[in-house]
Amino acid sequence: MNTTTTPNATLDLGIGGMTCASCVMRVEKALKKVPGVQEASVNLATESARVHYEPSEQTEARLRRAVRDAGYEPRAPGALELPQDTSPWAGFAPVALGLALSAPLVLPMLGDLFGLHWMLPAWLQFLLATPVQFILGARFYVGGWHALKARSGNMDLLVSIGTTAGWALSVWLWWRAEPGAMVHLYFEASAVVVTLVLLGKWLEARAKRQTTAAIRALHGLRPDVAHLVGTDGEVDVPVAEVLLADRLVVRPGERFPVDGTLLEGHTQVDESMLTGEPLPVAKDVGARLTGGSINGEGRVLMQVSAVGSETVLARIIRLVEDAQAAKAPIQRLVDQVSAVFVPIVLVIALITLLAWWWTGHPFEAAVIHAVAVLVIACPCALGLATPAAIMAGTGVAAKHGILIKDAQALELAHKVDVVALDKTGTLTLGRPRLTAFRLAGESDAQAATGSPRSDAVLAVAASLQSGSEHPLARAVQAAAAVRGLTVTAPHNLRAVPGRGSEGELGASRYVIGSLRWMAELGVNMGPLATQVEALQGQGATLSAMAEHTPQGLQLLALMAFGDEAKPGAAQALARLRARGIKTVMISGDNRGAAEAMARTLGLHPQDGEVLSEVLPGDKAAMVIKLGEGGHTVAMVGDGVNDAPALAAADVGIAMGNGTDVAMHAAGITLMRGDVALVVAALDISHRTVAKIRQNLFWAFAYNVAGIPLAALGYLNPVVAGAAMAMSSVSVMSNALLLRRWKALQ
């Protein structure tokens with residue numbers, strides 16, 4: 001029997017019933033105990049877990065059982081994809097019932113403010129408070145019981161102990177009272193606390209629905225039906241049945257169902273939800289089409305190139321979901337605090353009870369102060385502070401065409417103080433043109449008018465470049481096409497990365513590539529040395545072609561290329577500099593060409609802001625060198641040939657159209673090639689981290705300030721319950737402010 005090494009598997013689980021940061025720790029601990037589990041990360045805001053494990057029989061079932069045994073409900077992954085009740089009042093019924101039953105209990109308290117002293121009969125208070133305590137509050141008993149069985153604590157345990165103590169104390173005082181006596185009971189405290197916690201949870205869930213709106217909007221971009229062109233004409237089929245190479249008709253105003261290539265027609269396509277670009281993009285035959293984008297005025301025919309999970313939209317959704325489910329490094333500190341938080345609170349509540357009782361105060365007063373400690377200490381906000389901000393930040397970034405791969409990239413990006421940018425395709429349009437083609441031994445007049453020999457040599461150059469996708473190779477091919485020259489496939493073609501290529505045409509063998517490679521090969525540039533200096537001084541990128549002869553390599557031609565800076569690139573670099581960030585351009589061009597383009601972009605070569613003649617394989621080393629001295633470096637490239645440098649940087653930012661290489665090598669992918677999005681990505685990182693810090697401050701502040709006040713008797717359970725509920729709501733609301741962020745244009 002053949003044995004193969006099985007790669008590690010990943011399972012995403014939805015988890016129901018989590019209420020606070022302590023729940024997160026408990027579920028993680030339960031999952032990590034399952035044999036074969038290597039890592040488990042639980043997110044309170046998305047109510048999900050991601051588990052990395054060694055696949056074996058029934059492992060997934062064991063993971064689900066571990067979640068259930070810990071007291072929580074394992075759910076199907078991808079809960080965000082399921083249709084949700086988008087009504088703003090969804091799930092409010094239990095809260096409304098709690099408010100209705102609690103309101104009469106609170107009325108006497110309000111009367112006291114106006115000098116009216118009265119009280120509901122004890123039996124009526126009991127009838128109003130008991131359903132709230134044991135029916136509406138049943139979820140707290142279930143969660144608290146599971147926590148006790150697991151020998152841990154959570155919010156449910158604190159709420160159930162605290163409110164039960166208030167309810168039981170009231171029953172005890174009522175039972176002990178003389179017939180007809182009006183004793184002060186605390187039914188209203190337990191009922192109102194349960195209702196307020198339910199209200200806080202409802203507001204929290206409502207805010208969560210808003211933070212996940214970005215993903216639901218992306219899911220909504222996928223149409224359900226495609227118009228398939230088959231042997232029987234045009235028929236409608238579910239998108240799930242579309243196959244590669246199928247031909248589909250897309251009518252005006254419809255969304256493209258999958259990725260493909262335009263076969264017939266001309267149209268304008270709205271790609272704003274994918275790229276953040278507000279203006280429609282013109283599409284002609286041969287253009288790439290992305291599923292989810294909106295067709296304009298033309299009826300077009302497309303051929304399918306990707307379906308299902310391989311489409312750009314599916315990869316974007318997967319990327320955003322991964323980022324929102326990820327745990328930021330700062331969250332680890334919160335988890336460590338949460339692990340010991342509930343036991344410490346229980347000890348503080350016990351000390352509060354004993355201290356008040358032993359100092360001569362009535363036992364009921366001691367119980368109420370202990371209840372206030374238990375209620376205000378619930379660590380709900382602590383568990384939501386970081387994930388809520390990450391969900392909101394990554395969601396709004398995706399809306400603007402900025403895809404953040406993980407929470408670590410988001411957290412690191414705000415520290416960036418050096419940004420290295422690749423030149424070709426990042427700062428420039430990446431569409432260089434052949435601006436000069438000079439033959440060795442040719443006069444200026446001959447070069448200006450052209451000659452049959454010039455055409456023949458250019459045809460050879462284009463033939464050698466016919467299999468290359470390099471921008472300079474495409475420029476040579478385009479120049480040959482303009483002249484109508486015949487291009488033939490070379491023999492024994494060999495590409496030399498970062499230098500050029502070598503191949504045979506007929507009986508001759510040629511090399512074509514950079515001047516550095518020509519120097520390494522010993523090619524004498526003497527016949528064209530003057531032109532080399534002149535063209536470099538003008539900022540041109542130079543290549544040369546030579547032929548193998550019995551006397552060695554002989555120079556045949558010199559080629560000069562010109563590229564244009566991207567619109568807005570100079571302004572974007574100026575914005576980076578205004579933020580105190582050092583900008584460096586990395587280029588494989590000769591020094592003269594690189595510095596000429598740098599000056600056009602507003603960079604200062606004399607200040608070390610240009611690194612020229614850098615081979616692709618050396619870019620990663622340059623990025624590492626820029627990080628020396630404690631600098632945090634972001635590398636910006638096209639995500640394909642810059643992949644090693646993107647991976648070497650503290651933060652890799654890929655500019656492209658969501659290619660697999662870009663998404664895997666870079667922490668951040670920009671869906672359109674606009675340098676201004678680099679500034680925007682750093683800005684949203686800065687604002688998201690600021691929100692995380694604000695949320696953590698307020699979450700800790702509520703507990704650090706609230707627990708002593710409750711222990712000293714300055715807060716009653718009702719006020720403590722309101723403060724606890726508002727702590728979660730304030731954290732979620734503060735995170736939601738990120739949705740108002742707009743990228744600078």
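A nonpolar core is taken here as a set of buried Ala, Val, Leu, Ile, Met, Phe, Trp, Tyr and Cys residues joined through side-chain atoms within 4.5 Å. In this predicted model, the largest such core comprises 137 residues, and those with the most contacts inside it are M18, L31, I402, V419, I668 and L670. Helix α26, spanning residues 676-711, gives the most to this core, contributing 13 residues. When the neighbours within four places in sequence are left aside, M18 is in contact with C23, V24, V27, V42, N43, L44, E47, S48 and Y72. A second core, separate from the largest one, has 21 residues, among them V457, A461, A462 and F561.

Helix α17 covers residues 452-464, and V457, A461 and A462, which the second core includes, are also listed among the buried residues of this helix, together with S454, L458, A459, V460, S463 and L464. At 1.5 Å a residue, the 13 residues of α17 should span 18 Å, and the separation of 19 Å between its end C-alpha atoms therefore agrees with the expected value.

Elsewhere in the chain, helix α4 (residues 122-136) packs with helix α5 (residues 138-149) at an angle of about 40 degrees, the two axes being 4 Å apart. Because of this angle, α4 is oblique to α5. The contact is made by Q133, F134, I135 and L136 on the side of α4, and by A138, R139 and Y141 on that of α5; these residues divide into five nonpolar, one polar and one charged.

Definitions and conventions:
Residues numbered from 1 in each chain as written. Predicted model: local features only at pLDDT ≥ 70, side-chain atom pairs only at ≥ 80, totals over all residues. Heavy atoms only, no water. Axes fitted to C-alpha atoms, helices over the stretch in contact; angles between N-to-C directions. Helix = DSSP H or I, 4+ residues; strand = E, 2+ residues; numbered from the N terminus. Parallel < 35°, antiparallel > 145°, perpendicular 65-115°, else oblique. Contact = heavy atoms within 4.5 Å. Nonpolar A, V, L, I, M, F, W, Y, C, P; charged D, E, K, R; others polar. Expected span 1.5 Å × (residues − 1). Buried < 20%, exposed > 50% of the residue type's maximum accessible area, 1.4 Å probe, protein only.
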